[in-house]
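Let's take a stroll through one part of this protein. Have the 3D view ready and follow along.

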Amino acid sequence: MNEQILIPQAVAQCGVDYLVEHGYRIKMGTGRDEESVARDVKGCSAILLRTAPVTRKVIEAEPALKIVARHGAGYDNIDIAAAEEHGVWATNAPLSNSNSVAECTIGLMLAAAKKLMELSDSLKRGDFFYKNEHKGLDLEGKTLGIIGFGRIGRMVAKKAALGLDMKILAYDPNVRPEDMPEYVTPAGRDDVFSGADFLTLHCLLTDETRMSVGRREFELMKDSAYLINCARGPIVDTAALVEALNDGRIAGAALDVFEEEPPDMSDPIFKCKNVTVTPHIASNTVECMDRMALHAAMEIHRVLSGHKPEWPVNHPRF
């Protein structure tokens with residue numbers, strides 16, 4: 001076989017081992033910027049991709065490229081149109097991170113509701129009684145609004161409804177109401193924003209969803225509501241979120257993702273006291289990293305063995 005696979009950023013060893021065991025040569029990348037990936041892809045039949053950009057320039061740099069296998073569920077860093085034009089499969093790993101991201105979403109919701117980070121910081125400052133004027137909330141009986149009801153949204157709904165006794169409102173234009181579980185109430189998009197005590201985003205980043213949560217949506221929300229974002233940063237208009245937080249239009253937010261990553265730490269969002277932030281760690285577990293690397297490697301082997309991938313996100317022309 002002896003085909004070469006580009007891995008621009010390090011992945012879990014099990015993914016590398018799988019490829020080596022199936023006879024492939026591994027080429028580790030020299031950088032994650034477009035120029036580096038375009039240079040490194042030469043001589044490679046596949047890319048096992050994390051967050052580096054695979055642009056038209058990258059795809060056109062190696063005519064023998066057959067597949068870009070995304071290490072995770074999102075694929076907004078791949079130029080899908082260019083891949084299709086050049087007969088390159090683009091795949092993701094949708095089964096790899098659903099539970100990990102759902103668990104993190106629940107964790108961030110609990111952190112926001114119980115004011116865990118705020119109270120932890122106050123105790124470290126020596127103020128044991130800060131808690132007296134900064135009480136948390138119970139989640140039981142509260143309404144969780146979910147925008148995007150794919151695998152992750154479904155898992156969040158199940159954990160929140162069956163584990164925390166929350167009411168669930170969900171919106172997804174691609175899911176029929178009758179296909180939602182009985183513990184979920186299908187609702188219009190505006191109704192989810194206006195009805196939620198906690199609002200969590202689980203939609204893909206597309207031209208339609210980019211900056212789709214902004215001033216209008218925050219004005220729909222309760223002033224006691226919290227926004228949770230473990231999806232993609234650019235779905236939310238950060239300037240509008242800062243304004244909503246500072247004006248008391250919503251109670252708080254918990255963010256794992258940002259418009260730019262790594263984010264500019266001078267961004268006003270980091271000065272908001274009612275925000276919990278984490279550095280894009282929803283899928284950053286030992287188990288999830290193993291699954292993502294292995295599933296991406298398996299997709300590469302399927303395609304280079306002459307088979308169709310299991311999880312394609314495009315339909316290339318050949």
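In this predicted model, 7 strands come together as an open sheet, and their pairing is parallel. Read across the sheet, the order is E8-E7-E6-E9-E10-E11-E12. What about the edges? Strands E8 (184-186) and E12 (275-277) stand there, each with a single partner strand, so one side of each has no neighbour in the sheet. On average, neighbouring strands are turned by 20° against each other, direction ignored.

Now zoom in on one pair. Strand E6 (residues 143-147) runs parallel to strand E7 (residues 167-171), and 5 bridges join them. Look for Ile147, which stands opposite Tyr171 in E7. Helix H7 packs on the sheet, where it touches E6, E7, E8 and strand E9 (198-201). The direction of H7 makes about 175° with that of E6.

H7 (residues 151-164) also has a helix packed against it: H5 (residues 98-114). Their axes are 8 Å apart and the angle between them is about 50°. That angle makes H5 oblique to H7, and the crossing is right-handed. Here is who makes the contact:

| Helix | Residues in the contact |
|---|---|
| H5 | Ser98, Asn99, Val101, Ala102, Glu103, Thr105, Ile106, Met109 |
| H7 | Arg151, Ile152, Met155, Val156, Lys159, Ala160, Leu164 |

What classes of residue does the contact of H5 with H7 have? Sorted that way, there are 9 nonpolar, 3 polar and 3 charged residues.

So H7 is a good place to rest your eyes: it packs on the sheet and also packs with H5.

Note on methods: Residues are numbered from 1 along each chain as its sequence is written. This is a predicted model: local features need pLDDT of at least 70, side-chain atom pairs count only at pLDDT 80 or more; totals for chains, interfaces and linings use all residues. Side-chain values use heavy atoms; hydrogens and water are left out. Axes are lines fitted to C-alpha atoms, for helices over the stretch in contact, and angles run from 0 to 180 degrees between N-to-C directions. Helices (H or I, at least four residues) and strands (E, at least two) are DSSP runs, numbered from the N terminus. Angles under 35 degrees count as roughly parallel, over 145 as roughly antiparallel, 65 to 115 as roughly perpendicular and the rest as oblique. A crossing is left-handed if the near helix is turned anticlockwise from the far one by less than a right angle, and right-handed if clockwise. Contact means heavy atoms within 4.5 Å. Ala, Val, Leu, Ile, Met, Phe, Trp, Tyr, Cys and Pro count as nonpolar, Asp, Glu, Lys and Arg as charged, and the others, Gly among them, as polar. Two strands pair if DSSP finds at least two bridges between them.
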